[in-house]
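Subject: A structure for you to explore

Hi,

Here is the structure I promised to pass on to you. Have a look at it first, and then read on for what turned up in it.

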Amino acid sequence: MATTQHKSAKTSPTPRIPMNDLVRSFAAYGEDLTRVVSEVVQSGWYLNGPETRGWEADLSAFVGATRAIAVGNGTDALELSIRAAMHGSDKTAVLTAANCGGYTSIAARRAGFDVRFADVDRESHLLTDATIRDALDDSVGVVVVTHLYGRAAELDAMLETCRVRGIAVVEDCAEAIGARDSRGRPVGSIGDVGAFSFYPTKNLGALGDSGAVVTSRDDIADHVRQLHQYGWASKYDIAVEGGRNSRTDEIQAAILRFKLKYLDDWNATRRAIVERYRSSAAKSINVLPAGGPWHVGHLAVATTPFRSELREHLEALDIATDVHFPIPDHQQSALRADYEDVQLPTTEGLAAEIVSLPVFPELSEEEIARICAALSSFAPRG
Ligand SMILES: *Cc1c(COP(=O)(O)O)cnc(C)c1O
């Protein structure tokens, strides 16, 4: 029966539009990627070699910071950034938003810190100076700001609020590599340190797990460089506690160096697709704007009071949807015992209204047009 369904799906006049299609993204550059991998395989260097060093140099230059450390994944990048930014401080808590998928909460808790949450702005879905001010207290040593869905948060006012209180700002850039704030500064170069993920479906994706920490603060870079390899100052010399093994391998580094050349083009394609959804959508659907360098279209997120109806409507037209993210951190089953008194009205309200539409650079014109038509024909029953 599965075979029959598969066949009929393939010959159907409206093949399903998926949230993502990594086969297509590989196919577009497959020969080059295969060559890049093969060169590393034949080189005999699999870790800590010339590709990793070259990738760190390329990435720090792209972000406009002086240092980069390639690590195992984005969650490790957050954890090591938080540890390094907290180093030498007697603060005990990390403040962040609860609508960003839980990665920062996991990372900060693993680093041994309490996690506090600030609510987000209703329009941008991001932390702002106003929302963090309400939530800061003397225990907070780090604020993690996530550039959610690909949108660069405006950090200046938050940086000033944090600076006078001796608080470091970590940027979670996992969804926003290449985005620039209103002053043209790339994300990851604005706060004290930026954490990146190169999970395969990110705008810049490896063929497996990878992440990086980017900073212009030498003290943070030096500390992360030690933490990511056992706490070593040099080989076999364990100089700091809390170390571990979290590296990017040579194959992934070589792939990322190759793909980085195309990133700005892919980002432009993504934001143009999101803007088309925005201008096509029926009145009851608010597609979040992405029409400028301050957004890299990682996710096409809409809000609507009729979410389940909209998802059914799109599903009936063979268009996939998802929700990023359905459960705010303070309501996650493993965490909520610590947050019984916490109320984040905007975060909680938005969690019930958000829906993500397919967006990736290899979407065809026909697929984009189908999604636009589906968004424009949506008529909720009420
Ligand atoms: C993907 C993601 C991460 C985690 O990255 P991994 O490489 O999967 O560990 C962290 N923060 C945000 C906002 C993400 O989207």
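Before we get to the ligand, here is one term: a polar contact is a pair of N or O atoms within 3.5 Å. Please also keep in mind that this is a predicted model.

**The ligand**

Which residues are around the ligand? They are N73, G74, T75, C100, Y103, T146, D172, A174, E175, S197, Y199 and K202. Three of these are worth a closer look. T75 has a polar side-chain atom 2.6 Å from an oxygen atom of the ligand. For E175, too, a polar side-chain atom lies 2.6 Å from a ligand oxygen. With D172, the partner is a nitrogen atom of the ligand, 2.7 Å from an N or O atom in the D172 side chain.

**The largest pocket**

The largest pocket holds about 500 Å³ of space. It is lined by 28 residues, and those closest to its centre are Y103, Y199, T201, K202 and H298. You have already met Y103, Y199 and K202 among the residues around the ligand. Helix α4, residues 74-86, contributes the most to this lining, with three residues. Sorted by class, the lining has 12 nonpolar, 10 polar and six charged residues.

**The cavities**

How many cavities of 30 Å³ or more are there? The count comes to four. The largest cavity has a volume of about 150 Å³. Of its 16 lining residues, S25, K202, R270, P361 and E362 are the closest to the centre. K202 may look familiar, since it is also one of the residues closest to the centre of the largest pocket. Helices α2 and α10 are the elements that each give two or more residues to the cavity lining, and α2 gives the most, with three. The classes here are six nonpolar, five polar and five charged residues.

**Helix α9**

Is helix α9 mostly enclosed or open? Nine of its 11 residues (250-260) are buried, so the rest of the structure largely encloses this helix. The buried ones are E250, Q252, A253, A254, I255, L256, F258, K259 and L260. What do they pack against? Their partners are α2 (22-43), α3 (50-63) and α10 (263-280). At the start of α9, a side-chain oxygen of D249 comes to within 3.0 Å of the backbone nitrogen of I251.

A good way in is to find T75, D172 and E175 beside the ligand, and then to trace α9 and its neighbours.

Enjoy exploring!

Best wishes

Methods. Residues are numbered from 1 along each chain as its sequence is written. This is a predicted model: local features need pLDDT of at least 70, side-chain atom pairs count only at pLDDT 80 or more; totals for chains, interfaces and linings use all residues. Side-chain values use heavy atoms; hydrogens and water are left out. Buried means under 20% relative accessible area, exposed over 50%, partly exposed in between (1.4 Å probe, protein chains only). Helices (H or I, at least four residues) and strands (E, at least two) are DSSP runs, numbered from the N terminus. Contact means heavy atoms within 4.5 Å. A polar contact is a pair of N or O atoms within 3.5 Å; within protein, one must be able to donate a hydrogen and the other to accept it, and residues adjacent in sequence count only if both atoms are side-chain atoms. On a 1 Å grid over the protein atoms alone, a cavity is a set of points where a 1.4 Å probe fits but cannot get out, and a pocket is an open set with protein on both sides within 12 Å along at least five of seven lines; lining residues have an atom within 4 Å of a point. Grid points are joined across faces, edges and corners, and a volume is the space filled by probe spheres set on the points. Ala, Val, Leu, Ile, Met, Phe, Trp, Tyr, Cys and Pro count as nonpolar, Asp, Glu, Lys and Arg as charged, and the others, Gly among them, as polar. A residue is near a molecule or strand if one of its heavy atoms lies within 4 Å of it.
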